[in-house]
Amino acid sequence: MGKLEFRSLKIMASYGKTINKIYYVVENGRSTVEAFFKLSEEERINIRQIIVRMATEEHFISPMVKYTLNKYAFGEIRPRGQRFFFFRKVGNNYVFFGHCEKKRKSLPDQVYKQLEKRMKIYEKEFTRINRGF
Amino acid sequence: MKKNSQELIADFEAFFAQEPTTADRSWGIIHDFYHYLLTYMDKEGITRAELARRTGKSRSAITQMFNKTPNLTIKKMVEIADAVGLEFSLVPHSSKSSQKYRSTYTSQSSKGLASRMEVNED
């Protein structure tokens with residue numbers, strides 16, 4: 001594991017009061033959010049609206065958001081069938097830590113297992129950094 | 001020129017700091033609709049199978065609607081809202097008022113019971 005940072009994403013006040021903070025992982029200067037710019041403008045805007053609602057609604061419900069996946073302790077935003085953004089809820093924080101793009105609509109179990117392994121490392125570090133807040 | 005990681009991360013943050021566009025507000029209406037619809041269905045114990053029955057659609061058509069990109073038309077929103085007993089309306093507000101950027105969305109049970117849910121609270 002290299003240098004880890006958890007950057008907070010600012011949500012504009014005009015969307016309403018932030019209930020759940022949004023963070024994304026930056027590891028060794030790289031982040032999964034870089035993949036965001038591979039999407040079309042329309043898809044980016046769609047995801048922006050989902051994330052804004054995850055931040056400002058206590059529990060935002062959407063067919064595009066799964067808060068916990070079967071067998072795994074993290075969730076995913078699936079803006080299109082074959083694109084996945086993964087997050088973990090830690091207290092009142094959503095930590096976005098992974099992204100995957102496949103031609104198929106589902107991912108092999110092995111991918112999820114690896115993601116969970118990474119997620120546990122990130123969660124531990126996130127909890128350690130935020131202890132005392 | 002290809003951007004480096006730091007530039008892309010900065011662009012990501014800048015993207016979220018932008019004022020909402022027309023596309024944002026359109027997607028906002030759709031997401032708010034789904035949020036309130038699914039919350040209401042859960043509260044009232046209406047399953048997707050029941051929704052299929054009430055709308056006269058197949059279960060696979062409902063599943064597809066929920067699982068694919070939900071780019072719903074207003075006609076479809078009204079149809080679904082009617083089927084579950086919600087009233088759906090879009091009310092334009094003056095952009096000069098101190099309204100929030102959220103879509104103006106009001107839903108109400110068709111029986112006038114206590115299920116009024118509003119997003120835009122001026």
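At what angle do the axes of helix α3 and helix α5 of chain B cross? Roughly 110 degrees, and the axes come within 9 Å. Angles of 65 to 115 degrees count as roughly perpendicular, so α3(B) is roughly perpendicular to α5(B). Before I go on: this is a predicted model.

Let me stay with that pair. Helix α3 of chain B covers residues 48–55, and α5 covers residues 74–84. On the α3(B) side, the contact is made by Leu51(B), Arg54(B) and Thr55(B). On the α5(B) side, we have Glu79(B), Ile80(B), Ala83(B) and Val84(B). By type, that contact divides into four nonpolar residues, one polar and two charged.

Helix α3(B) has another partner. That is helix α4 of chain B, residues 59–67. The axes come within 8 Å and cross at roughly 115 degrees. So α3(B) is roughly perpendicular to α4(B) as well. This crossing is right-handed. From α3(B), the contact uses Arg48(B), Ala49(B), Leu51(B) and Ala52(B). From α4(B), it uses Arg59(B), Ile62(B), Thr63(B) and Phe66(B). Five of these residues are nonpolar, one is polar and two are charged. Note Leu51(B): it appears in the contact with α5(B) and in the contact with α4(B).

Now chain B as a whole. It has five helices and three strands. Read from the N terminus, the helices come before the strands: α-α-α-α-α-β-β-β. The chain has 122 residues, and 17% of them count as buried. Take the contacts in chain B with a separation of 6 or more. Of those, 48% join residues 24 or more positions apart.

One example of a long reach in sequence is Ile29(B). This residue lies in helix α2 of chain B. Ile29(B) and Ile74(B) are 45 residues apart in sequence, yet 9.8 Å apart in space, C-alpha to C-alpha. Is Ile29(B) buried, exposed or partly exposed? Partly exposed, because it has 19 C-beta neighbours inside 10 Å, and buried needs 20 or more.

Next, the two chains together. The contact takes 29 residues from chain A and 27 from chain B. On the chain A side, β3 and α1 each supply at least two residues. Which of the elements gives the largest share? Helix α1(A), with eight residues. The chain A side divides into 13 nonpolar residues, seven polar and nine charged.

So what does α1(A) pack against? One partner across the interface is helix α2 of chain B, residues 22–44. Helix α1(A) itself runs over residues 41–56. The angle is about 50 degrees, with the axes 9 Å apart. The two helices are therefore oblique to each other. Their crossing is right-handed. From α1(A), the contact residues are Glu42(A), Ile45(A), Asn46(A), Arg48(A), Gln49(A), Ile50(A) and Arg53(A). They meet Ala23(B), Asp24(B), Trp27(B), Gly28(B), His31(B) and His35(B) in α2(B). Here the count is four nonpolar, five polar and four charged.

On to the cores. Nonpolar side chains tend to be buried together in soluble globular proteins. In this model, the largest nonpolar core has 35 residues. Those with the most contacts inside it are Phe87(A), Val95(A), Phe96(A) and Phe97(A). Chain A gives two or more residues from each of β2, α1, β6, β7 and α2, and α1 of chain B does likewise. The largest share, six residues, comes from α1(A). Look at Phe87(A) on your screens. Leaving out residues up to four places away in sequence, it touches Phe74(A), Gly75(A), Tyr94(A), Val95(A), Phe96(A) and Phe97(A). There is also a second, separate core of eight residues. Among them are Tyr36(B), Leu37(B), Met77(B) and Ile80(B). Ile80(B) was also in the contact of α5(B) with α3(B).

Last, some backbone details in chain A. Most residues other than glycine have a negative phi. Asn28(A) has a positive one, near 55 degrees. It lies in the loop between β2 and β3. Asn28(A) is exposed, because 11 other C-beta atoms lie within 10 Å. Lys71(A) also has a positive phi, near 75 degrees. Its place is in the loop between β4 and β5. With 9 C-beta neighbours inside 10 Å, Lys71(A) counts as exposed.

Conventions:
Residues numbered from 1 in each chain as written. Chains lettered and ligands numbered in written order. Predicted model: local features only at pLDDT ≥ 70, side-chain atom pairs only at ≥ 80, totals over all residues. Axes fitted to C-alpha atoms, helices over the stretch in contact; angles between N-to-C directions. Helix = DSSP H or I, 4+ residues; strand = E, 2+ residues; numbered from the N terminus. Parallel < 35°, antiparallel > 145°, perpendicular 65-115°, else oblique. Left-handed = near helix turned anticlockwise from the far one by under 90°. Contact = placed C-beta atoms within 7 Å. Nonpolar A, V, L, I, M, F, W, Y, C, P; charged D, E, K, R; others polar. Buried ≥ 20, exposed ≤ 12 C-beta atoms within 10 Å, placed from the backbone. Core = buried A, V, L, I, M, F, W, Y, C linked by C-beta atoms within 7 Å.
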